[in-house]
Amino acid sequence: MSIIPNSRQIVLLVSNMELEWILFDVGNTLYDEKFSEYERVISLIEKSKCGISPDEFIKQMECGAASYAASPFTYAREHLGITANYPYSSEKEVLFDGVYDMLQIFSKKYKLGILANQPSTTLERLKRDGIYDFFDICLLSETENMFKPDIAFFEYAIKKAGCSPSKIAMVGDRLDNDIMPAKKSGMKTIWIRQGLHSVQKPLSDEYTPDWEAASVGQLCCFLK
């Protein structure tokens with residue numbers, strides 16, 4: 001394991017890597033999903049009339065995230081015996097504090113990109129929130145017809161970046177969707193522990209990030 005808790009050591013290591021690109025996931029990396037997730041949970045409970053509290057449902061979602069379920073929401077529904085469903089809406093997602101300033105700082109030194117399982121409408125959100133122009137490439141699953149954790153999606157991103165994968169850092173909130181496939185493709189990896197998937201634990205060296213950050217603010221401290 002190469003996670004280093006000392007921020008000064010991290011700064012030295014990152015500066016010595018000569019990174020050229022930083023690729024970001026979107027949900028719970030740049031955008032905070034908790035308000036949208038909570039609204040979805042409330043709406044499902046009202047629709048199903050199951051009598052389960054939101055806290056109980058969210059606790060099951062956390063169990064799903066910890067056990068590497070593809071969808072913690074589906075995991076919770078199944079474990080609580082709820083047959084009804086309710087679609088996710090990104091309307092209440094908001095940028096984490098410090099995202100705009102972080103991208104502004106990073107864009108002066110690195111090329112930036114998006115690599116995410118997201119609909120094509122995400123581009124409009126990036127524009128709406130004033131961060132679209134920071135990105136040199138925006139690779140979305142719906143647009144590219146590829147999905148994380150498929151290694152082909154990461155290899156496609158490397159091809160688009162036009163440089164060695166060792167000069168690319170992938171920043172994401174999930175060990176299964178972001179860190180493991182990025183490491184397999186040869187990228188450097190940074191696990192940003194925000195949102196439901198912060199409870200994940202590495203299953204093996206392949207799932208162990210090169211570095212981890214607790215927030216966007218901490219990411220700013222050592223990747224600059």
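Helices, of at least four residues, and strands, of at least two, are DSSP runs numbered from the N terminus, and the exercises below use these element names for a predicted model.

**Exercise 1. Where does F147 lie, is F147 buried, partly exposed or exposed, and with which residues is F147 in contact?**

Step 1. On the numbering of helices just described, F147 belongs to the loop between α7 and α8, that is, between the helix of residues 141-144 and the helix of residues 151-161.

Step 2. The relative accessible area of F147 is 46%, and since buried means under 20% and exposed over 50%, with partly exposed in between, F147 is to be classed as partly exposed.

Step 3. Once the neighbours within four places in sequence are set aside, the contacts of F147 are N117, S141 and F153. S185, which stands 38 residues from F147 along the chain, has its C-alpha atom 15 Å from that of F147.

**Exercise 2. Which backbone features are found at N145 and at the bond between K148 and P149?**

Step 1. Most residues other than glycine have a negative phi, and most peptide bonds are trans.

Step 2. N145 is not a glycine, yet its phi is positive, at about 60°; this residue sits in the loop between α7 and α8, where a relative accessible area of 62% makes N145 exposed.

Step 3. The peptide bond joining K148 and P149 is cis, with omega at about 10°, and P149 is likewise placed in the loop between α7 and α8.

**Exercise 3. What are the signs of phi at Y68 and G81, and where do these residues lie with respect to α4?**

Step 1. Y68, a residue other than glycine, has a positive phi near 65°, and its place is in the loop between α3 and α4.

Step 2. With 16% relative accessibility, Y68 counts as buried, because the cut-off for that class is under 20%.

Step 3. G81 comes just after α4 and also has a positive phi, of about 70°.

**Exercise 4. Which residues of α4 are buried, and against which helices do they pack?**

Step 1. Helix α4 covers residues 72-79, and within it P72, F73, Y75, A76 and R77 are buried.

Step 2. These buried residues pack against α2 and against α3, the latter being residues 54-66.

Step 3. On the α3 side, G64 lies within the helix and is buried, its relative accessible area being 0%. Beyond four places in sequence, G64 is in contact with A69 and Y75, while its C-alpha atom is separated by 6.8 Å from that of A76, twelve residues away along the chain.

Step 4. C63 is also found in α3, but its relative accessible area of 35% makes C63 partly exposed. From C63 to Y75, twelve residues apart in sequence, the distance is 8.4 Å, C-alpha to C-alpha.

Step 5. On the α2 side, S36 may serve as an example: it is placed in that helix, which comprises residues 34-48, and is buried with a relative accessible area of 2%. Leaving out neighbours within four places, the contacts of S36 are Y88, S89, S90, E91, K92 and E93.

**Exercise 5. What radius of gyration does the chain have, and with what does this value agree?**

Step 1. A compact globule of 224 residues would have a radius of gyration near 17 Å, and the 18 Å of the chain therefore agrees with that expectation.

Step 2. Along the principal axes, the C-alpha trace spans about 55 × 35 × 30 Å, and the secondary structure amounts to ten helices and eight strands.

Step 3. Of the 224 residues, 48% count as buried; among contacts between residues at least 6 apart in sequence, 64% join residues at least 24 apart.

Step 4. The exposed area is about 10800 Å², of which carbon and sulfur atoms supply 50%, and the mean positions of the 25 positive and 31 negative charges are 3 Å apart.

**Exercise 6. Over which residues does pLDDT stay under 50, and what is the average for the chain?**

Step 1. The average pLDDT of the chain is 91, and 91% of the residues score at least 70.

Step 2. Over residues 1-13 pLDDT stays under 50, and for this stretch the model has 16 contacts beyond four places in sequence.

Step 3. Where pLDDT is low, the predicted coordinates should not be read in detail.

Conventions
Residues numbered from 1 in each chain as written. Predicted model: local features only at pLDDT ≥ 70, side-chain atom pairs only at ≥ 80, totals over all residues. Heavy atoms only, no water. pLDDT = per-residue confidence, 0-100. Contact = heavy atoms within 4.5 Å. Rg over C-alpha atoms; globule rule 2.2 N^0.38 Å. Buried < 20%, exposed > 50% of the residue type's maximum accessible area, 1.4 Å probe, protein only. Areas by Shrake-Rupley, 256 points an atom, 1.4 Å probe, with all protein chains shown as cover. Lys, Arg positive; Asp, Glu negative; His and termini not counted. Charge placed at Lys NZ, Arg CZ, Asp CG, Glu CD.
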